[in-house]
Structure formats: structure tokens, C-alpha cells
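Let's walk through this fold together, sheets to start with, then a helix pair, then a pocket. Here is the model to keep open beside the text.

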Amino acid sequence: GDFVPLVTAATFDRVQAILDGRAPAHIAHVTDRDEFPLRGLLLCPKCQKTITASFSTGHLGKKFGYYRCHHGKNHINVSAGLVEAAFIALLERLTPKPERMRIIEKIFRERWGELVQASTTESLKLKQELGKLEARKERALVQVADGVLNEEDFATIRAKTTSAIADIQLRIEVAESSEVDLETSLAYIQHLLWNPSAIWQTAPLLEKQRLQRRIFPQGTLVEKTGIGTPVTHSICKL
């Protein structure tokens, strides 16, 4: 056709060969699997490196999941069911005490106030800049009418000013859109801190991974008996 091709001829021919069964299709190795939500989070107690996970087939053909470390001989190799049950129990133990929750709420409200104030200040500053730009645009229009400014110079000034105004308006929109409702946000953080175990168990894989990485940013050790000494987010240590 009379257009720029989306792919090269070589790529097209290779795809046709795969579709016709004349070439082996590459199957990507899947690292994220629902069966092993803790893969990438758990650390080997011997080498402190991230461990992987896979299935083993028993004598009767049944498959069993295991978290394993392949970085050395006799490193960790533990049942996925045991580790995940221990992880759920650990999440349940992370529920904050009521007095700690009150401290967290107080700090959250104070920090929120600082952020909102900064956002409001930024918005006001941007609106002042916007006013100056619009005034400049008006002055240029008057200068053209008075014959002080020629059409070519006016077109240049108008183009630059219009672009700057659009940029300022976008920045104002971003600054003001960050002012999310405080009580809604606080209710969310309370729900998250009070119910990490229930949320983790019912969440899809991606949300599981996001939650566990938030709570354990440096990962957590795994032992033969389950989860070892966890390295948790500072809010959980509190």
C-alpha cells in the first residue's frame, strides 16, 4: 500500500511462518502467577537473596507448590501453603493498637494540612502568573490597535503568551485536583491498616503484590517453619 509500513518485511514473514506452523512460536516465561503471590518478596535466610517458586509432582501425580532458593546448596525449600499461611498470620498480627492508631491519625492530619497548604499556595501563585500573562496579551492587542506594534510582532507575542497560558492553566488544574477529601483518605488508610490480612487474601495478584511491597519494602525472610524476621514499613513498626 501507499503508506509507511507498521512492521518490517522480515517481521511480517516471520509472523506468517509462525501462523502457518512453519516456525516455533516463542512462549514467554511467566514470572507472576496467582499460585505464588509471594514470589519476589521472600528472601532466603542463608544468602538473603530473593527466592523463586515452582511446582513439584508427588508420587501420585499431584502437584505441590514450593518456594525455593537456587543460589546455593541446601538453601531454603519450603511448602508454599505453609509460607502463605504464616504470611497471613503475620499480617493479622500487624493490626495496630487503638492508641497507636490515634497517633497515626494525628500525624496524618497534620501532614495532610501541610500538603494542602502547599498546594493552595502553589495554586494562588500560578493564578497570579496567569493574570499577568492575560494582561500582557491584552496590552499587545491595544498596542496593535494604536499602531505601536505591527501584526508580525503581535502574532509572535500572542503565540508565546497563549502557549504559556495553556501551561499555567494545566498546572493550576493539577495543583487543585490534588486536594482530595481528607476524611475519605483517612478512612482508606484506617481500613488498610486494620484489615491487611483480609484485603491481601481477597485481592487479585497485582494488588497483593502492591500491598505486600508497601508493608515489606525490603522483603521478608522465610524459614522452614514459615516467615522469619520481617522487615516492615515504619508505620507497621510503630
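Which strands does helix α2 lie across, and at what angle does it run to β6? Helix α2 (residues 80–93) lies across β1, β5 and β6, and it runs at about 45° to β6. Contact here means heavy atoms within 4.5 Å, angles run from 0 to 180 degrees between N-to-C directions, and axes are lines fitted to C-alpha atoms, for helices over the stretch in contact. Helices (H or I, at least four residues) and strands (E, at least two) are DSSP runs, numbered from the N terminus.

Before going on, a word on what you're looking at: this is a predicted model, where local features need pLDDT of at least 70, side-chain atom pairs count only at pLDDT 80 or more, and totals for chains, interfaces and linings use all residues. Residues are numbered from 1 along each chain as its sequence is written, and side-chain values use heavy atoms, with hydrogens and water left out.

Back to the strands under discussion. They make an open sheet of 3 strands in the order β1-β5-β6, with mixed pairing; two strands pair if DSSP finds at least two bridges between them. At the edges sit β1 (42–43) and β6 (226–230), each pairing on one side only. Strand β5 (residues 220–223) runs antiparallel to β6, and 3 bridges join them. To find the register, look for T220, which stands opposite P230 in β6.

Now for the other sheet. This open sheet also has 3 strands, ordered β2-β3-β4, and its pairing is antiparallel. Its edge strands are β2 (52–57) and β4 (77–79), each paired on one side only, and the twist averages 40° from one strand to the next. β2 and β3 pair over 6 bridges and form a hairpin with 5 residues between them, where G61 in the turn has a positive phi of about 90°. On the β4 side, 3 bridges join β3 (residues 63–68) to its antiparallel partner β4.

Y67 is a handy landmark here: A53 stands opposite Y67 in β3, and Y67 in turn stands opposite V78 in β4. Y66 stands opposite S79 in β4. Helix α2 turns up again, since α2 lies across β3 and β4 too, running at about 75° to β4.

Next, the helix pair. Helix α3 (residues 98–145) and helix α5 (residues 182–194) pack at an angle of about 145°, with their axes 11 Å apart. Among the residues making the contact are F108 and W112 of α3, and L186, I189 and W194 of α5. The contact residues divide into 10 nonpolar, 2 polar and 3 charged. For that count, Ala, Val, Leu, Ile, Met, Phe, Trp, Tyr, Cys and Pro are nonpolar, Asp, Glu, Lys and Arg are charged, and the others, Gly among them, are polar.

Finally, the largest pocket. A pocket is an open set of points on a 1 Å grid over the protein atoms alone, with protein on both sides within 12 Å along at least five of seven lines; lining residues have an atom within 4 Å of a point. The lining has 25 residues, and L192, L193, L211, I215 and I235 lie nearest the centre. Two or more lining residues come from each of α3, α5, α6 (196–202), α7 (205–215) and α8 (234–237). The lining divides into 15 nonpolar, 3 polar and 7 charged residues.

Terms used:
1 Å grid on protein atoms, 1.4 Å probe; cavity = no way out; pocket = protein on both sides within 12 Å on 5 of 7 lines; lining within 4 Å.
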